[in-house]
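Open your viewer, switch to a cartoon view and keep the side chains within reach. We will go from one selection to the next.

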Amino acid sequence: MRDELVRGQYLGILEALRSRPDDVKIVTGVRRSGKSTVLKQFKRRLEASGEDVVMVDAERMRPEISASGGLLEHVRKLMPSSDCCVLLDEAQAAPGWEGAARALRDGGANVIIAGSNGAVLSDVILKDPSIGCSRVHMLPLSFREFLEMNPPVGEVQTGGRFDQYLAIGGMPSLSPDGPCWARLEDIWSSIAIRDMGPGMFPESQAMRETSRFLFEHVGTPVTQRDLKGHTGVSSGKTARKCLDSVTGSFAFHRIRTVDLTADGTECRRSVYYAADTGLRNCFLGRADTGTDALRNVVFLELIRRGYSVSCETYRDYKVDFVAERDGSTEFIQIASGASTETAKNRIERPLKLLGSRGNATVLTMDRDMCGDRGGILYRNIVDFLLEGEYADTSRT
């Protein structure tokens, strides 16, 4: 068995959020991305410092806490003191969890909630002016973390590990030397049933086709009309319901598209990325390691580093990522290769048209193209993923 990876970025964020005892802390993320493991690591850290901690997995305890109010009663029986730290894993599985979280917080407990779908972002918590809320979104492993768990060995060096990472993704429970596809299928089934499924049974086929459409079009600006045309979804209402369901499972990320032909206003198109390239490959039945997969990996890395990410278009031109952080803006284009002058000009054209407001960068798999070219910086994607610092990505 491999050693458990200590995910320092998220432990550090949770540690910082302890200074906000009046807030309910909510940890979100796609199922099996490592939320439960990080909560357990945090619990051990607090206990080692002498603090009282209670942790409850609401999904596993469902029979015992199925009645309304059952979660609150169960947790209070376990609490050694009213002001201890309470960790509620998969809280959305428990009836009345919002009231339990509020009551525990009002009683002096430091409450941290984790959940795998949008139900954990209940309006009961988020829109209650009397309750402060801090949110942390957890992602599957970065490539840096993947390498830490699967170091280069023998003939499989860093480049080979990166190909594996693109293919199987970053779910912490997977090993490139194990039965990845069967496990990814199990993970996807669990997401579809537990996190997309509630309330969606009559449209389950539409939901599956929506997932397929988004996986096939990662990085491409699409509209609700595009979805209807490609999936056979019959109505705008069903299309919206399917999109809300699949994004509410955290299996997809939606980013806004700004169309500069419309005076810089946000247009009706959105860009979607998968929460994990392994889930995408498993669903589509192929191991895509091309430009779409590279865009997906870079997008997730930008989110890890605390960037606010959007997409800009002008007529037929598109800048893959407009990444903003701490008052600076990065315009980033992704290319698997840029070996010819024609390819370089094609890649650079959107950056020259749209990227004058910040730093312009091309991330590519080519190593012999690194450096400055007319004010546009070329960098190797693998080097980019292994450099840089992660940020505190919590939100209030």
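Start by selecting β3 in this predicted model and showing its side chains. Cys85, Leu87 and Asp89 point one way from the strand, while Val86 and Leu88 point the other way. In a regular strand, side chains alternate between the two faces of the sheet. Are the residues on these two sides buried or exposed? All of them are buried, and β3, which spans residues 85–89, is mostly covered, with five of its five residues buried.

Next, add the neighbours. Select residues 53–57, strand β2: this strand pairs with β3 in the parallel sense over five bridges. Zoom in on valine 54, and you will find valine 86 of β3 standing opposite.

Now select residues 110–115, strand β4, which pairs with β3 in the parallel sense, again over five bridges. Here leucine 88 has isoleucine 113 as its bridge partner. To follow the chain from β3 to β4, colour helix α4, residues 97–106: the path runs through this helix, and the β-α-β crossover is right-handed.

For the last stop, select the cysteines. How many disulfides does the structure hold? The count is zero. Cysteine 84 has its nearest cysteine sulfur in cysteine 85, 7.2 Å away. Cysteine 84 is also buried, at a relative accessible area of 3%. Then move to cysteine 180. Why is its sulfur not bonded to that of cysteine 282? The sulfur in cysteine 282 is the closest cysteine sulfur, but at 10 Å it is too far for a bond. Cysteine 180 is buried too, with a relative accessible area of 6%.

Notes:
Residues numbered from 1 in each chain as written. Predicted model: local features only at pLDDT ≥ 70, side-chain atom pairs only at ≥ 80, totals over all residues. Heavy atoms only, no water. Buried < 20%, exposed > 50% of the residue type's maximum accessible area, 1.4 Å probe, protein only. Helix = DSSP H or I, 4+ residues; strand = E, 2+ residues; numbered from the N terminus. Pairing = 2+ DSSP bridges. Right-handed = clockwise from strand over helix to strand, strands pointing away. Disulfide = S-S within 2.5 Å.
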